[in-house]
Every structure is written in C-alpha cells, then in structure tokens.
Amino acid sequence: MKQASRQSGARLLVSIEEKRRRNMRQLLLRASRLINRHIVDGLQARGYNDLRSTHTTLLSNIDLAGSTVTEAAERAGVTKQAMGRLASELERAGYIRVQSNTEDGRVRVLRFTKAGKRLMFDSFEVMADLERRYARLVGEGRLRALLKGLSIFIDNADEPTKGQ
C-alpha cells in the first residue's frame, strides 16, 4: 500500500513539475534566457569577447540617446545598485559612459560610447540573423504570430481587466 502511495505521489510531482515548466511565465523566462545567450554568443563570435549574458540586462534597457541608471533599472526590473554594478563593468569595457546629470549631480546618465553604439548595431544584425534562424526552426508564420501576440499582450497587459 505504501509503495502504491509513493508511486502515486511521485507521478503527481512529475505532473506538477511538467505543468510548471509549461506555464506562460516559465516559458517566457526560459525563452528570454535562451535568446540572450544566443545574442551574446553571436556578439562574441563578432569579437565582443568581454560581453556576458548579464550585460544584456543593461544594454537592452538604455535608449540610444541615453538613460538614467534609475530608468534602466526600472525597465529591467532590477535594483539601482545592480544596474550600477553592470554600468561600471560596461564602462570599464568601453561600451558606455556614466555621467552626472547637469541639472542634478546625483542622477547618473548612461550613454553609449562609439564602441557601444557599434555593439548595439551589431546586436541588431545578430538578432535579425537569430529571427531568421528561429523562423526556420518553428516556421515563419508561427514566429510572426508569436511576435504579434507578444506585442499585443505587452501593449494591453497593464490595462485594468474589465469585470474584475
């Protein structure tokens, strides 16, 4: 009897873990990590050997014209301290400059250097290559539908739900 109960419990755990791995949040997180890794691999193949996956947290959240540490941190969903550490690493690597805001010296502004802008433009090319690769993998129509669905979701998910 105990053996059957243990087997039933084990099957239940496997079922729960499978559902957990397939829920929307888990799938989006895993897809994001995978894409970030592919981007970094592609950039490293182009000579950006000092770039790490964690750097994409900062790089993908700075406007090309510049952003404050606070803005980049809020977009990325990380603390200002974590964003500040990434900024220091990328400044040492020569991809960004950290400057004080002329109106408020406490505010730090992140701006791409010439090398950083080149990195960003190369990352756009890497992403285009990856999208072509992903289209071959899942089908062009499915990839377009996925991107369209994600865009619609992002544009509307913060709106209050009617009938709550």
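Start with the lining of the largest pocket: select α2 (24-45), α3 (55-59), α4 (69-76), α6 (114-138) and α7 (140-156), since each supplies at least two of its residues. Helices here are DSSP runs of H or I with at least four residues, strands are E runs of at least two, and both are numbered from the N terminus. What you have open is a predicted model, where local features need pLDDT of at least 70, side-chain atom pairs count only at pLDDT 80 or more, and totals for chains, interfaces and linings use all residues. Residues are numbered from 1 along each chain as its sequence is written, and side-chain values use heavy atoms, with hydrogens and water left out.

**The pocket**

Stay with that pocket: its volume is about 1700 Å³. A pocket, on a 1 Å grid over the protein atoms alone, is an open set of points where a 1.4 Å probe fits, with protein on both sides within 12 Å along at least five of seven lines; lining residues have an atom within 4 Å of a point. Grid points are joined across faces, edges and corners, and the volume is the space filled by probe spheres set on the points.

Now pick Leu28, Ala31, Ser32, Ile35 and Asn36, which are the closest to the pocket centre among its 43 lining residues. Which helix gives the most to the lining? That is α2, with 13 residues. Colour the lining by type and you get 27 nonpolar, 10 polar and 6 charged residues. In this scheme Ala, Val, Leu, Ile, Met, Phe, Trp, Tyr, Cys and Pro are nonpolar, Asp, Glu, Lys and Arg are charged, and the others, Gly among them, are polar.

**The core**

Next, select Leu58, Leu59, Ile96 and Leu110, the residues with the most contacts inside the largest nonpolar core, which has 25 residues. Such a core is a set of buried Ala, Val, Leu, Ile, Met, Phe, Trp, Tyr and Cys residues joined through side-chain atoms within 4.5 Å. Buried means under 20% relative accessible area, exposed over 50%, and partly exposed in between (1.4 Å probe, protein chains only). Two or more core residues come from each of α2, α3, α4, α5 (80-92), β3 (108-112) and α6, and α6 gives the most, with 6 residues.

Zoom in on Leu58: not counting residues up to four places away in sequence, Leu58 touches Met83, Leu86, Ala87, Leu90, Ile96 and Leu110. A contact means heavy atoms within 4.5 Å.

**Along α6**

Show α6 alone for a moment. Its 25 residues should span 36 Å at 1.5 Å a residue, and the end C-alpha atoms are indeed 36 Å apart; the expected span is 1.5 Å times one less than the number of residues. Select Gly116, Leu119, Met120, Asp122, Ser123, Val126, Leu130, Tyr134 and Ala135 to see the buried residues of α6. Bring the rest back, and the cover over those residues includes α2, α3, β3 and α7.

Is Phe124, in the same helix α6, buried or partly exposed? Phe124 is partly exposed, with a relative accessible area of 42%. Its C-alpha is 9.3 Å from that of Ile39, though the two are 85 residues apart in sequence. Click on Glu125, also in α6: Glu125 is partly exposed at 43%, and its C-alpha lies 9.4 Å from that of Gly42, 83 residues away in sequence. Just after α6, stop at Gly139, which takes a positive phi of about 100°.

**Strand and loops**

Go to Thr68 in strand β1 (residues 67-68). Thr68 counts as buried because its relative accessibility is 15%. Leaving aside neighbours within four places in sequence, Thr68 is in contact with Val107, Arg108, Val109 and Leu110.

Then step to Leu64, in the loop between α3 and β1. At 44% relative accessibility, Leu64 is partly exposed. Not counting residues up to four places away in sequence, Leu64 touches Phe112, Lys117 and Met120.

Finish at Thr54, in the loop between α2 and α3, which is partly exposed with a relative accessible area of 39%. Measure from there to Val40: the C-alpha atoms are separated by 9.5 Å, with the two residues 14 apart along the chain.
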